Amino acid sequence: MRRDVVTIPSRETMRAAQYLMRDARISGLPVVDDGAMVGIVTVEDVIKALDHGDMQAPVAEWMTAEVVIVKRRWPLAQAMAVLDETGHGQLPVLDDEGSLCGLITPESILAAMLVQLNRLLARDEEQESARKSVHDQTTRLEFEVAARDYDRAGLASVRLKRELAAHGVAPSLQRRAAIAAHEAETNLIIHTARGGRIVAEVAPGAIELTVNDDGPGIKDIERAMTPGFSTASDFVRDLGFGAGMGLPNIRRCADRFEIQSTPGLGTQLVIGFDRRTDEAAAEPREAP
C-alpha cells in the first residue's frame, strides 16, 4: 500500500487539481475534508471541466462521491478481487473510522504478497533447521515398567512409537521398534518381580533399545528363543499374555539382537535397528 498519497480538499478548484496531478504525475486525487475521504477526482473529470470552461469550479462539483474503496483490515486476496472486478488501477484504503490510509495498486499487492511469501519461507526454513537439529542429535529415552502392571501393558511401546515419529523415523521402523519394545515390556511385566527399564537411544543412523531387569534370569536362552516356549503361569495366559513368542518376535523385528542373562541376577536385551535401510525404502522413487 502506498502511504505517500497526494490529496486535495473539496473546496479547491479544478485548476488546482490539474496542477497537482501534473506535478505528481498521477491520474487521480482522493478528495479529503477534515481527515475523511469524501470522493475522488480524476484526469477524466479535469478534461470534462476544461470542455465546459469550468476550471475555477470547486472540486466538489466534479468529483465522484461514491467511491469504491477497500478496508485496511481486508485480506490481500479480497482487495485484489475488488481491483480485478472494477478494473481500476488503484483504490483508496480506509481505516475503521473512514480515514484515508493510502492507495492500493496491483503492484503494491504483489509486493505485499512477496513479503508474506518470504516470511513463510523463512518460517519454514527455521522449522526445517530445528527439525534437522533434532534429527541429527542422539536422543535418550527411558521407560520404567512395573511388574504385574497388566493394565498398563503396551504404554511404553506406544510412547516410544510417538517419540520415534516426532524424530522423523520411517513408519516401517516405528512399527518394528514398537513391536520389539512391546514384547520386551510384556516380559518385564509378567516374568520379573520388580519390573525393569527400557532405554532407547535414537541416533541419526540407528536406534538401540536396552532392556534391563534384575529378575529371575533365563536358565536356557536357546530354549527361550524357541517360538511357543513359555514359563508364564496359567493365570498370565488367561489374561492373554505369555504365548511364548516374545523373544522370537523381538529377534525377528530387530537388525541386531543380543541377550545376556544370569539366573538369579537378571537379564539384559540389546535390540538394534538400522535407520538407513527403512528410510531408503521409504523415499519416493521417480517414475521410469
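Colleague: Which elements each supply at least two residues of the lining of the second largest pocket?

Modeller: In this predicted model, those elements are strand E2 (36-42), helix H2 (43-51) and strand E4 (91-94). The pocket has a volume of about 310 Å³, and of the 15 residues that line it, Ile40, Thr42, His88, Gln90 and Leu91 are the closest to its centre.

Colleague: What makes a residue part of the lining of a pocket?

Modeller: A lining residue has an atom within 4 Å of a grid point of the pocket. The second largest pocket has 15 residues that line it, and they divide into 5 nonpolar, 7 polar and 3 charged.

Colleague: Which strands are the edge strands of the open sheet of 3 strands?

Modeller: The order of that sheet is E3-E4-E5, with mixed pairing. Strand E3 (70-71) and strand E5 (100-104) each pair on one side only, and they are therefore the edge strands, given that pairing requires at least two bridges.

Colleague: How do you know that E4 and E5 pair?

Modeller: Two strands pair if there are at least two bridges between them. E4 and E5 are joined in the antiparallel sense over 4 bridges, so the criterion is met. Leu91 stands opposite Ile104 in E5. Helix H3 (residues 76-86) packs on this sheet and touches E3, E4 and E5, its direction making about 150 degrees with that of E4.

Colleague: Why is one side of strand E6 (139-145) and of strand E9 (256-262) left without a neighbour in the sheet?

Modeller: The open sheet of 5 strands has the order E6-E7-E8-E10-E9, with antiparallel pairing. Strands E6 and E9 stand at its edges, and because each has a single partner strand, one side of each is left without a neighbour in the sheet. Neighbouring strands of this sheet are turned by 10 degrees against each other on average, direction ignored.

Colleague: What makes E6 and strand E7 (residues 196-202) a pair?

Modeller: The threshold is at least two bridges; E6 and E7 have 7 bridges in the antiparallel sense, and so they count as paired. Thr139 stands opposite Val202 in E7.

Colleague: Which strands does helix H6 (residues 171-191) touch where it packs on the sheet?

Modeller: Helix H6 touches E6, E7, strand E8 (206-213) and strand E10 (266-274), and its direction makes about 175 degrees with that of E10.

Technical notes. Residues are numbered from 1 along each chain as its sequence is written. This is a predicted model: local features need pLDDT of at least 70, side-chain atom pairs count only at pLDDT 80 or more; totals for chains, interfaces and linings use all residues. Side-chain values use heavy atoms; hydrogens and water are left out. On a 1 Å grid over the protein atoms alone, a cavity is a set of points where a 1.4 Å probe fits but cannot get out, and a pocket is an open set with protein on both sides within 12 Å along at least five of seven lines; lining residues have an atom within 4 Å of a point. Grid points are joined across faces, edges and corners, and a volume is the space filled by probe spheres set on the points. Ala, Val, Leu, Ile, Met, Phe, Trp, Tyr, Cys and Pro count as nonpolar, Asp, Glu, Lys and Arg as charged, and the others, Gly among them, as polar. Contact means heavy atoms within 4.5 Å. Axes are lines fitted to C-alpha atoms, for helices over the stretch in contact, and angles run from 0 to 180 degrees between N-to-C directions.
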